[in-house]
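Colleague: Could you take me through one part of this structure slowly, as you would for someone in their first year? I would love a close look at the salt bridges and the residues that form them.

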Amino acid sequence: MKDVISYITVIILATLHTTAQSQVRDSDSIMVKRLNDYLVSANSAYRFNGSAMILYHGRILLSKGYGFSNIASKSVNTTETRFPILSMTKTFTSTVILKLEEEGKLSVNDNLSKYLPDYPNGSKIKIRHLLTHSSGIYDYTGNVGIEDSLIVNNPIAKEKVISHFKDKPLDFPPGKYYSYSNSGYFLLGLIIEKVTAQPYETVVREMIFRPLDMTQSGFDFINLPREVKAQGYELWTEDKVIPYKHYDSTYAYSAGSIYSTIADLDKWAEAISSRRILKPETWKEAFDKKINNYGYGWQTGIFVGKKYVKHSGGYPGFMSEFIYYPDEDLTVILLNNFGTYDQNIWSVGMGLSCIAFQLPYDNWKLRPKITLDERMLEKRVGTYEMSFKNQKSKIGIKLKDSNLYLDIDGMELSLYAENENTFFLEYFNAQLVFEKDKIIFHSHGQDGELKKK
């Protein structure tokens, strides 16, 4: 999904790179209203339900909860509602590793075998390979599904988790390719414990939570009192709500066990912005792209011509997003209590970023889905191309099982009909309007034209 997001960003938002920003910046009050209205629209369209924070040049533009933390009790989300931050945990794990390197207790160039001598191929795998998802180690979460609640919803020994991936062959030679691996970050937690002689959780508390006064953050989410935390929902739509029980923290460990609040993550964002915890040059090293747009615990990229570092989280019941634009000193944080595999709220963060940068944007709408005759759908099938700055981008429109799909380099996204000519993407705030020999691709307040080949 992350690759699809990047590609769609290039195609849909290409014209934004040439859009001039206003010479006079909106007042904070106008900006806050636009941000709030946008999030209200996202909540009404069932695209966001949770807590949000936007920090700009050290000023909190918005910090607020939206929708219900628990629909049964009608409890509402606030800035102090606790959410699992999921894989955003990796930014904390990588920070601890880099802090230990600053202290001379390890090096990212150390072999895994130095700390876990019995781990297979440990002499080939370096700490930096674990940090950048380039170790080739099989991702243990890849074969654990919703049906495996006995594994994920109860305390589990580290050795049991490791047994799910330790003896599997490497997918590729370490350092050669990128393949997202929670297993690598699980092993980083073990390295932290070996170096410090303390539990991973204790090290994170002492090194990050306590200095930043993050008193509402921790690890054992499922045993928190019901009244302080969000209930997760695998599905939350206009028609259906399905609660989901979250995993035990021992299952995710250093790859995704932290819970927090928007109020606490504001402190984390300010620490990153002011380059606390780590030295400025170490933060730069963490943010620099190493392989496949990933640094040391941070995804890297460009949106609307601006560099960002970010990390997403997603698992049945919750989604999270932390986006930081270093050059503009803008941070967008979203914690959401519905979702499932392969979903994300990056698209909501895209809109908030556009508002903060005073670029065109669209509020969300709850769009109707209608069923069209297959003969009507067949007319839309084909390859479409857009030229921008001497570069050509192609997308395909495919018909499969009586549904249209947007095909981007073999990755397919469902298209839903709003009327005979207008289709939309469910998880992106984008519309495709089909005309005789072209598509008008509308997103974030602007149109892009793709001609049929």
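Modeller: Happy to, and here is a walk through the salt bridges, with a short stop at a helix afterwards. Please keep in mind that this is a predicted model, in which local features need pLDDT of at least 70, side-chain atom pairs count only at pLDDT 80 or more, and totals for chains, interfaces and linings use all residues. Residues are numbered from 1 along each chain as its sequence is written, and side-chain values use heavy atoms, with hydrogens and water left out.

A salt bridge here is a side-chain nitrogen of Lys or Arg within 4 Å of a carboxyl oxygen of Asp or Glu. Counted by this rule, there are 20 salt bridges.

Let's start with Glu-412, which sits in strand E16 (residues 411-417). Strands (E, at least two residues) and helices (H or I, at least four) are DSSP runs, numbered from the N terminus. One salt bridge joins the side chains of Glu-412 and Lys-398, at 2.8 Å from N to O. Lys-398 belongs to strand E14 (residues 391-400), and this pair links distant parts of the chain, 14 residues apart. Glu-412 also meets the side chain of Lys-400 in a salt bridge, with 2.7 Å from N to O. Because Lys-400 lies in strand E14 and Glu-412 in strand E16, this pair ties together parts that are 12 residues apart in sequence. Through shared partners, salt bridges join Lys-398, Lys-400, Asp-407 and Glu-412 into one network.

How open are these side chains to the outside? Buried means under 20% relative accessible area, exposed over 50%, and partly exposed in between (1.4 Å probe, protein chains only). Glu-412 is partly exposed at 28%, Lys-398 is partly exposed at 34%, and Lys-400 is partly exposed at 36%.

Another salt bridge brings together the side chains of Lys-284 and Asp-288, at 3.1 Å from N to O. Lys-284 is exposed, with a relative accessible area of 51%, while Asp-288 is partly exposed at 28%.

Now for the helix. H10 (residues 262-273) has 12 residues and reaches 16 Å from its first C-alpha to its last, close to the 16 Å expected; that expected span is 1.5 Å times one less than the number of residues. Several H10 residues are buried, among them Ile-262, Asp-264, Trp-268 and Ile-272. Just after H10, Arg-275 takes a positive phi of about 60 degrees.
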